[in-house]
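Let's walk through a protein model together, one feature after another. Have a look at the picture, and then we will begin with a pair of helices.

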Amino acid sequence: MGKQQDVGGPDRHSGSGAADDATGGGVDARLAVAQDPTTPQMTLIDLASDPSAVVRKAVATRTDAPAQALRPLTRDRDRDVREAVARNPSTSIGNLLVLVKDADRWVRWAVAGNPACNESVRRVMAEAPDKELRGLLAETRELEPELAARLVDDVSPEVRERLATHTHDPDVITALMADRTARVRKGLARNPRTTAAQRSALAQDPVVDVRVALVLAVELDDADLRRLVDDRSVQVRMALATSEVVPPHIRQALAGDPDEMVAAAARDFRPGAGNTAVVRAPRIGHRASGTGRGRPGGARR
C-alpha cells in the first residue's frame with residue numbers, strides 16, 4: 001500500500017511537447033491517453049487537472065499514478081473522481097485520511113474497502129458519525145481488538161449486529177451474547193465462529209427470529225435440534241424443515257409435524273434446490289453505476 005511516488009527533479013518538464021499534444025485533443029483522445037498504460041507519469045500529472053471529470057477519473061483509477069496526480073484528485077469537485085481515488089490501492093494513507101471524512105457518503109464508504117486502509121484510518125472510521133461507515137468497519141475481518149471492543153458498545157444496533165455477524169474475536173462474541181437487542185443476537189446466530197455452548201444458548205433464545213436465523217445458518221448439536229423439532233414456533237420448525245445444514249433424521253422427524261406446511265416442506269425437501277435463502281455479506285463501499293439512495297451496492301435492509 002502507499003505506492004505513490006513523487007515525480008520531480010530537474011526534468012520536470014522534459015517531454016512537455018508530447019504532454020501538450022496528449023492533453024490538447026478532444027475528450028476521447030485525452031481519455032485514451034489517461035487509460036494507456038504506457039503514458040508517462042508527467043502526462044498523468046497534467047491530465048489530473050483536465051477539464052473533463054471522465055479523464056480525471058481515469059487518472060484516479062490508475063494504481064501507477066504518481067502522488068502529484070492523486071493528491072489534488074483527493075479534493076476534486078467531482079464525487080466520482082474522489083471515489084475512484086478512495087478505491088485506488090495506491091492512494092496514500094494521508095489521502096485516505098482526508099477521504100474518509102469526505103462530505104459524500106459514497107466516497108467515505110469506498111475508503112472502507114481499500115486494501116491500503118490501515119489502523120489509523122480505521123480509528124477515524126470508529127469515531128465517525130456515519131453509522132454505515134462504522135458498520136462497514138464492523139465487517140472488517142482483521143479488526144483490531146480495541147476497535148472491536150469499542151463497537152460492542154456502539155449506539156447503533158445495526159452496527160453491533162454487523163459486528164456480531166462478522167467478528168472472529170471470541171471475546172467480542174461473548175460480550176455480544178449479552179446484548180439485549182434481538183437483532184444483535186440474530187447476527188451472532190449467523191456467525192459460524194460461535195461455540196457449541198453459545199449456539200445452544202441461542203437455540204433457546206426467546207426471540208423467534210434468532211432461533212430461525214440459527215437453524216438456517218449453522219450446524220447444531222443433536223440435542224439442540226431435537227428440542228427445536230418441538231419448538232412452539234411454526235417459523236422455527238419451517239426453518240428446520242428447509243435448512244441445508246439440518247441432518248436428514250431431523251427432517252424426517254418433521255415429516256409428521258402438526259402443521260401441514262411444515263410437514264410437506266420436510267417431505268419435499270431437496271438438497272441444493274434453493275430451499276434456504278442465502279445471506280451474503282455486502283460488497284464493501286461498492287456503488288454500482290447509476291445507484292441512487294441506499295446502502296453500498298444498492299443493498300437494502
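Start with H8 and H10, which are roughly parallel to each other, a label for angles under 35 degrees (over 145 would be roughly antiparallel, 65 to 115 roughly perpendicular, and the rest oblique). Their axes cross at roughly 10 degrees and come within 9 Å; each axis is a line fitted to C-alpha atoms over the stretch in contact, and angles run from 0 to 180 degrees between N-to-C directions. On the H8 side, Arg108, Trp109 and Ala112 make the contact, while H10 brings Glu132, Leu133 and Leu136. Contact here means heavy atoms within 4.5 Å.

A word on the ground rules: this is a predicted model, in which local features need pLDDT of at least 70 and side-chain atom pairs count only at pLDDT 80 or more, whereas totals for chains, interfaces and linings use all residues. Residues are numbered from 1 along each chain as its sequence is written, and side-chain values use heavy atoms, leaving out hydrogens and water.

Now step back to the protein chain, which has 20 helices and zero strands. Both are DSSP runs numbered from the N terminus (helices: H or I, at least four residues; strands: E, at least two). Of its 301 residues, 48% count as buried, meaning under 20% relative accessible area (exposed is over 50%, partly exposed in between; 1.4 Å probe, protein chains only).

Back in H8, which aromatic rings form a pair? They are those of Trp106 and Trp109: their centres are 4.9 Å apart and their planes stand at 70 degrees, so the pair is edge-to-face. The rule pairs rings of Phe, Tyr and Trp (its six-membered ring) with centres within 6.5 Å, calling planes under 30 degrees apart stacked, over 60 edge-to-face and the rest tilted. Trp106 and Trp109 are three residues apart in helix H8 (residues 105-112), so about one helical turn separates them. Both Trp106 and Trp109 are buried.

Finally, visit two loops. Asp231 lies in the loop between helix H17 (222-229) and H18. Is Asp231 buried or exposed? Its relative accessible area is 9%, so Asp231 is buried. Beyond its neighbours within four places in sequence, Asp231 touches Arg211, Val236 and Arg237. Glu244 sits in the loop between helix H18 (234-242) and helix H19 (248-254), and with a relative accessible area of 38% Glu244 is partly exposed. From C-alpha to C-alpha, Glu244 and Ala217 are 8.4 Å apart in space, though 27 residues apart in sequence.
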